Amino acid sequence: VDIPEVASNAPALLRALATAAGHNRVVALSAASRQNVPALMSRLVKLLASAPAVPPPVSEPWAQLDSEAAGEGACEVARAGDGAWWVSGARIEKAAAMTNWDYHEAQ
């Protein structure tokens with residue numbers, strides 16, 4: 001609303017925004033002059049106070065990678081670093097050895 005053309009068209013712009021948003025909770029503001037910024041911040045404080053709390057992250061469930069519990073099909077998964085996992089076991093290592101890692105879809 002600092003620009004004269006915007007200020008003169010503010011009512012029409014606010015109506016168009018309200019229609020597009022599907023509600024009338026729109027406000028014209030200016031970050032430069034701080035016009036209506038306190039009102040916006042007050043609305044945000046009320047909105048955040050009524051928002052549900054973000055649930056804590058859910059730990060990843062244990063994934064059984066193979067139906068065989070023991071023997072050749074058994075494998076172990078261990079965290080190998082930030083965002084990295086180490087999968088070991090005779091069957092999975094055999095599959096990895098037979099994989100053409102130069103093929104773009106294998107990577």
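## A hairpin, three helices and a well-connected serine

Strand 1, residues 76-81, pairs with strand 2 in the antiparallel sense, and five bridges join the two. Welcome to this predicted model, in which the protein has three helices and two strands. Below, we start with the overall layout, then visit the hairpin, and finish in the loop between helix 1 and helix 2.

**The overall layout**

- Reading from the N terminus, the elements follow the order α-α-β-β-α.
- The protein has 107 residues, and buried ones make up 8% of them.
- Its accessible surface comes to about 9100 Å², with 61% of that belonging to carbon and sulfur atoms.
- Among the contacts with a separation of 6 or more, 15% come from residues that are 24 or more positions apart.

**The hairpin of strand 1 and strand 2**

- Two residues sit between the strands of this hairpin, and Gly83 takes a positive phi near 75 degrees there.
- Which residues face each other as bridge partners? Gly81 has Ala84 of strand 2 as its partner, and Arg79 is matched with Trp85, also in strand 2.
- Strand 2 covers residues 84-88, and Val87 has its place in this strand.
- Is Val87 buried, or is it partly exposed? Val87 is partly exposed, because its relative accessible area is 35%, and the band for that label runs from 20% to 50%.
- Val87 also helps to make a nonpolar surface patch of about 320 Å², together with Val77, Trp85 and Ile92.
- As a general point to keep in mind when looking at strands, side chains in a regular strand alternate between the two faces of the sheet.

**Ser30, a buried residue in a loop**

- Helix 1 spans 4-21 and helix 2 spans 37-50, and Ser30 lies in the loop between them.
- Why does Ser30 count as buried? Its relative accessibility is 2%, and buried means under 20%.
- The side chain of Ser30 reaches two backbone nitrogens: that of Ala32 at 3.3 Å, and that of Ser33, which lies 3.0 Å from a polar atom of the Ser30 side chain.
- What does Ser30 touch, once residues up to four places away in sequence are set aside? Its contacts are then Val1, Asp2, Gln35 and Val37.

**Val1, at the start of the chain**

- Val1 is found in the segment before helix 1.
- With a relative accessible area of 24%, Val1 is partly exposed.
- Val1 and Ser30 are 29 residues apart along the chain, yet 5.9 Å separates their C-alpha atoms.
- Leaving out neighbours within four places in sequence, Val1 is in contact with Val6, Ala7 and Ala10, as well as with Ala28, Leu29, Ser30 and Gln35.
- Gln35 therefore appears in both contact lists, that of Ser30 and that of Val1, where contact means heavy atoms within 4.5 Å.

**Other residues in the loop between helix 1 and helix 2**

- Arg34 lies in this loop, and its phi is near 65 degrees, which is a positive value in a residue other than glycine.
- Asn36 has its place in the loop between helix 1 and helix 2 as well, and phi of Asn36 is likewise positive, near 65 degrees, in a residue other than glycine.
- Asn36 counts as partly exposed, with a relative accessibility of 32%.
- Asn24 is another residue found in the loop between helix 1 and helix 2.
- Is Asn24 buried or exposed? Asn24 counts as exposed, because its relative accessibility is 64% and the label applies over 50%.
- From C-alpha to C-alpha, Asn24 is 8.5 Å from Leu14 in space, and the two are 10 residues apart in sequence.

Terms used
Residues numbered from 1 in each chain as written. Predicted model: local features only at pLDDT ≥ 70, side-chain atom pairs only at ≥ 80, totals over all residues. Heavy atoms only, no water. Patch = residues over 30% accessible without salt bridge, like charges linked within 9 Å, V, L, I, M, F, W, Y side chains within 5 Å. Areas by Shrake-Rupley, 256 points an atom, 1.4 Å probe, with all protein chains shown as cover. Salt bridge = Lys/Arg side-chain N within 4 Å of Asp/Glu carboxyl O. Helix = DSSP H or I, 4+ residues; strand = E, 2+ residues; numbered from the N terminus. Buried < 20%, exposed > 50% of the residue type's maximum accessible area, 1.4 Å probe, protein only. Pairing = 2+ DSSP bridges. Polar contact = N/O pair within 3.5 Å; in protein donor to acceptor, adjacent residues only side chain to side chain.
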